[in-house]
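Dear colleague,

I am handing over the structure we spoke about, and I have written down below what a look through it brought up. Please read the notes with the model open beside them.

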Amino acid sequence: MGHCVMKKLPHFCIISPTPDLTENIAGIKANYAGKANITIVESSLTGIKETLKHLPLEDYDIFISRGGMVRLLEQCIKQPIIEIKTSAYDIIDALAPYRNQTCIGIVGYVSVINGSRKIAAMLNIPLKIFTVPDMSLPTIERIRRQVHQQMASGEVERLIGDAISTDYFDLPAERCTLLSTGVESIERALEEAITVYRGLARQRVENRQLQTLIDAVSKAIITVNGRGEILHSNSQAMSMLGLTQRTGDNLQRYLAFGSLSRFNEHYDVNESLIIDSSAYGSLLAKVTPIVENGETDRLIITLQKAATVRGEEQAIRLKEAEKRNFQARYGFNDFITGHPEMARRLQLAATYAKTDATILLIGENGTGKEIIAQSIHNASERRDKMFVPVNCGAIPPDILESELFGYVEGAFSGASRKGKTGLFELAHGGTLFLDEITELDKSLQSKLLRVLQERQLIRLGSDRIIPIDVRIIAATNRNIQTFVEEGGFREDLYYRINVLKITAMPLRERPEDIRAIGEYWLSRYRRRYDLPPLHLADNLWRFLTRYSWPGNARQLGNIMERLALSAVGDTLDLEQAALYIEDLAGGQQQLGKKACTQCDLLEGNYAQIRRAILERVIARQGYNKSRTARMLDVDRTSINRWLMKP
């Protein structure tokens, strides 16, 4: 069963300055039952201020009155006021009895005077006009004197007007005729009031919706006028600044914005402002001026606490980091070593982790440089922020630049319409790990140096400077000092990244770690492939320990995966494993030779010898053709051409 929803009826207060108006209103009041609640209050013009003191003004939605009473109410109340306008019929009713008389005066506002002139001309009544421009006491007194003078001289025998003539002019009733207000005029005013109320009700709903909307915004929003008076504020602004009301206060009491009239001279509206306040901390303000006729009329100000902005930016970066798996998983306990010197170097790295200084990690491929870098991050004060690794040798230079520094929409052909946050920005507050840093080309080296020096960057295609707070850990498998001397790496950038240095030892220098690392990988792979534990015989471990492991732990891990998948049974000795590790056995034989290990390079014709040498050099450079080309001082095309020749 449905429920009837009762709508609130408007409450009108009609202030009547004359008894006849009161009587006419009372006569039609019943017609508006169910449309509006009507309260009738009778008051003289001179007594209206006292009357208002005793009325519950906030209970009324709209006030209704006529003539001079409307002007007085406008000075005293904030609610809308509807005027009962004097109609042509009301004027005719007042003037008709004095047709063909010559000493009639009329007092009133311009609208009444203009209407009376036309009707008086039709009725052949010459009028003495007394126009009331306003209800100020000096104006009323001036007109009162004029009326008295002309009545005393006989120029005016009767004065027609509203309550002004009786309340202010002290004239005898027999010489005054009050303009009566007909029922039609009252009804028109009431219908207008109902229409206005409905419009205001709709506006209130829209205002509440708008207020709810801006209250839902996490930023403080304030609108101020040219004097700094707050015209509007949302809940966040009231809470942040401690405002006691949404409007009316002056913003200068809380924040110093300087002269609003000269705002455009002092501030760039396209930039955010930092306001340092002892009361509220650092605030980030965005100010938008509303300009009318070339002048700043008001300002819309949004405020955020700088700490909140940093927190939100960090949350966004964390989400982006989660998408791209930018997390440091390893700690120093994950680096397997029993070698005293390597343990000492790890302890040094742990000491360096407590600082924010740049660290350079040096070591061959597979020696655990990234594990050390992640361990440093996880042992630092930045452990709760991002660890962003980037392999400088795996990404083409033109792409790497946009990856590192980010770009804005339209920065280059093929750029995302949304732009992109660079790795430096993603690492803000955390650590950026630049692996194979010596693979950067000279242009990127210069740009990286500037960012490291200034601690700020500019996205590609933008002119906005973005400050960054990033700890840099760089790594290389080169002899970087020699590479600097050869001109392959900027000397000033080398000094910038070589503040603290850690060198990771290769496995051949810590053979006692080979078995422990191998057992870790073997156990891990057997579990991954759901296989039972596998035991390697001592003779196999002795063989593996004597091997030089040029690929270090990465190569050892690959061999352990091969053994884990190839072995039959739960035990594997050297003889059983010979087939699986024959490439290692060949390497051992070569290492064991006392004769020249490079003699095989002398076999064959010139092209074959050149190819054999080239293959050795490429292998030594980790099968990286670009590095090989730089080492041999030739272009990469020549390398490819030589390799293709038989």
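**The first β-α-β unit**

Strand β1, helix α1 (residues 19–28) and strand β2 together form a β-α-β unit that is right-handed. Please keep in mind throughout that this is a predicted model.

Strand β1 covers residues 11–16, and six of its six residues are buried. As a general point, side chains in a regular strand alternate between the two faces of the sheet. In β1, His11, Cys13 and Ile15 point one way while Phe12, Ile14 and Ser16 point the other way, and all of them are buried.

The strand has partners in both β2 and β3. With β2 (residues 37–42) β1 runs parallel, joined by six bridges, and within this pairing Phe12 stands opposite Ile38. With β3 (residues 62–65) β1 also runs parallel, here through three bridges, and Cys13 stands opposite Phe63.

**A four-stranded sheet and its helices**

Further along the chain there is an open sheet of four strands, in the order β6-β5-β7-β8 and with parallel pairing. Its edge strands are β6 (127–131) and β8 (176–178), each of which pairs on one side only. On average, neighbouring strands of this sheet are turned by 20° against each other, if direction is ignored.

Inside the sheet, four bridges join β5 (residues 104–108) to β7 (residues 158–161), the two strands running parallel, and Gly105 of β5 stands opposite Leu159 of β7. Helix α5 (residues 110–122) packs on the sheet, where it touches β5 and β6, and its direction makes about 170° with that of β6. Helix α6 (residues 137–153), for its part, lies across β5, β6 and β7 and runs at about 160° to β6.

**Nonpolar cores**

In soluble globular proteins, nonpolar side chains tend to be buried together. Which residues touch the most other members of the largest nonpolar core? Of its 38 residues, these are Phe424, Leu432, Leu434, Phe489 and Ile497. The largest share of this core, five residues, is contributed by helix α16 (residues 442–454).

If you would like one residue to start from, Ile497 touches Thr358, Ile359, Leu360, Ile437, Leu452, Ala474, Ile480 and Phe489, when residues up to four places away in sequence are not counted. Apart from this core lies another one, of 30 residues, which includes Tyr109, Ile143, Ala163 and Cys176.

**Cysteines**

How many disulfides does a search of the whole structure find? The search finds zero. Two of the cysteines may still be worth a look for their surroundings: Cys103 has a relative accessible area of 18% and is therefore buried, since the cut-off is under 20%, and Cys392, at 2% relative accessibility, counts as buried as well.

**The chain as a whole**

The chain has 26 helices and 22 strands, and of its 646 residues 43% count as buried. Among contacts in the chain with a separation of 6 or more, 63% are between residues 24 or more positions apart.

With best regards

Note on methods. Residues are numbered from 1 along each chain as its sequence is written. This is a predicted model: local features need pLDDT of at least 70, side-chain atom pairs count only at pLDDT 80 or more; totals for chains, interfaces and linings use all residues. Side-chain values use heavy atoms; hydrogens and water are left out. A disulfide is a pair of cysteine sulfur atoms within 2.5 Å. Buried means under 20% relative accessible area, exposed over 50%, partly exposed in between (1.4 Å probe, protein chains only). A nonpolar core is a set of buried Ala, Val, Leu, Ile, Met, Phe, Trp, Tyr and Cys residues joined through side-chain atoms within 4.5 Å. Contact means heavy atoms within 4.5 Å. Two strands pair if DSSP finds at least two bridges between them. A crossover is right-handed if, with the strands pointing away from the viewer, the path from the first strand over the helix to the second runs clockwise. Axes are lines fitted to C-alpha atoms, for helices over the stretch in contact, and angles run from 0 to 180 degrees between N-to-C directions.
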